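Hi,

Here is the structure I said I would pass on. Have a look at it first, and then read my notes below.

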Amino acid sequence: MTLLTMCATQLAFPATKTMFSRILTSALFAGAAAGLIAALLQLYFVQPVLLHAELYEGGDLVHFGADPVTAHPELPGMFAEPVRDGLSIIFTMLTYTGYALALVALMSIAEQQGREINGRTGLLWGLAGFVAFHFAPGLSLAPEVPGVAAADVGVRQVWWTATVATAGVAMWLIAFGGNLVSYLIAAGLLIAPHVVGAPEPDTFAGPVPTEIGALFAARAFGIGMAAWVLLGSFAGYFWQAEGKRANAAA
């Protein structure tokens with residue numbers, strides 16, 4: 001029995017090593033590519049909105065004053081602060097590589113169950129990731145500009161994590177459940193965190209105009225969706241490519 005176990009382990013180890021290498025390589029390429037694009041989009045579309053909001057937070061601009069305030073102040077351009085912007089790009093690439101590792105690991109499970117994984121189907125995986133990590137929690141806990149009132153950060157993190165987890169399970173049930181009971185459970189999981197309610201501040205305050213806050217939330221959602229769609233497509237493409245390469249080498 002021991003000899004058979006050792007032989008089985010020796011036979012399985014190369015396959016396990018190949019699978020791990022395939023997951024790691026696919027995630028690194030997909031996460032780095034999607035993260036780089038997401039970071040550049042954020043620097044171009046989101047960072048100016050944040051810099052504009054910081055002018056109100058610091059008191060350089062005042063809303064609802066006696067005199068009208070320009071909606072187009074002079075703001076630093078892209079890479080005006082190369083160190084900060086460069087670190088932001090690196091951090092975003094690392095973040096999306098982490099997302100990619102989780103996504104590709106789930107793709108490997110789905111493929112073992114007979115599901116087709118490629119760049120086209122990966123797009124749907126990306127949309128599911130966007131719903132789980134951005135849209136579901138953002139529905140009640142929207143992206144916020146600096147200076148606005150907010151509940152305790154620890155409580156918000158707990159609610160956000162629980163919402164992402166329930167939404168992720170719901171996306172899996174919708175994709176692979178295949179029956180009415182699974183769909184009903186998924187619907188309940190998507191609704192439950194919002195029925196409980198996201199943590200809210202006791203009072204509302206903030207010097208930033210609502211137009212800036214709305215623009216920030218809209219752009220954060222838009223770029224989040226674009227980044228996740230790209231991440232899913234890249235992950236599916238590289239997963240398929242690495243699978244073909246592994247089969248050719250076998």
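Val-62 touches Tyr-56 and Val-69, once neighbours within four places in sequence are left aside; contact here means heavy atoms within 4.5 Å. You'll find Val-62 in the loop between H1 and H2. Helices like these are DSSP runs (H or I, at least four residues; strands are E, at least two), numbered from the N terminus. Val-62 counts as exposed because its relative accessible area is 53%. The cut-offs are under 20% for buried, over 50% for exposed and partly exposed in between, with a 1.4 Å probe and protein chains only. Val-62 also sits 7.2 Å from Pro-207, C-alpha to C-alpha, although the two are 145 residues apart in sequence.

Before you go further, some housekeeping. This is a predicted model, in which local features need pLDDT of at least 70 and side-chain atom pairs count only at pLDDT 80 or more, while totals for chains, interfaces and linings use all residues. Residues are numbered from 1 along each chain as its sequence is written, and side-chain values use heavy atoms, with hydrogens and water left out.

Now the overall picture. The protein has 6 helices and 0 strands, so along the sequence the pattern reads α-α-α-α-α-α. Its C-alpha atoms fill a box of roughly 85 × 45 × 35 Å along the principal axes. Of the 250 residues, 32% are buried. If you take contacts between residues at least 6 apart in sequence, 80% of them join residues at least 24 apart.

The same loop that holds Val-62 also holds Phe-79. Phe-79 has a phi near 60 degrees, a positive value in a residue other than glycine. For background, most residues other than glycine have a negative phi. At 40% relative accessibility, Phe-79 is partly exposed.

Two residues of helix H1 (residues 2–57) are also worth a click. Gln-47 lies in H1 and is buried, with a relative accessible area of 13%. Leaving aside neighbours within four places in sequence, Gln-47 is in contact with Gln-42, Arg-84 and Asp-85. His-52 is in H1 too, and counts as buried at 10% relative accessibility. With the neighbours within four places left out again, the contacts of His-52 are Leu-61, Thr-70, Ala-71, Pro-73, Leu-75 and Ile-212.

Next, how the helices pack. Axes are lines fitted to C-alpha atoms, for helices over the stretch in contact, and angles run from 0 to 180 degrees between N-to-C directions. Angles under 35 degrees count as roughly parallel, over 145 as roughly antiparallel, 65 to 115 as roughly perpendicular and the rest as oblique.

- H2 and H3: the axes of helix H2 (residues 82–112) and helix H3 (residues 119–138) come within 11 Å and cross at roughly 125 degrees, so the pair is oblique. From H2, Tyr-96, Tyr-99, Leu-103, Leu-106, Met-107 and Ala-110 meet Gly-122, Trp-125, Phe-133 and His-134 of H3. These residues divide into 8 nonpolar, 2 polar and no charged. (Ala, Val, Leu, Ile, Met, Phe, Trp, Tyr, Cys and Pro count as nonpolar, Asp, Glu, Lys and Arg as charged, and the others, Gly among them, as polar.)
- H3 and H4: here the axes of H3 and helix H4 (residues 153–176) come within 8 Å and cross at roughly 150 degrees, so the two are roughly antiparallel. The residues of this contact divide into 14 nonpolar, 2 polar and no charged.
- H4 and H5: the axes of H4 and helix H5 (residues 180–196) come within 8 Å, crossing at roughly 165 degrees, which means H4 is roughly antiparallel to H5. The residues of their contact divide into 13 nonpolar, 4 polar and no charged.

Finally, the database record. The UniProt annotation "transmembrane region", from an unreviewed entry, covers residues 23–45, 87–110, 122–142, 157–175, 180–196 and 216–239. UniProt positions are in the numbering used here, feature names are shortened, and annotations may be inferred rather than shown by experiment. In the model, residues 87–110 are 100% helix and 0% strand, with end C-alpha atoms 35 Å apart. Residues 157–175 are likewise 100% helix and 0% strand, with 27 Å between the end C-alpha atoms.

Cheers
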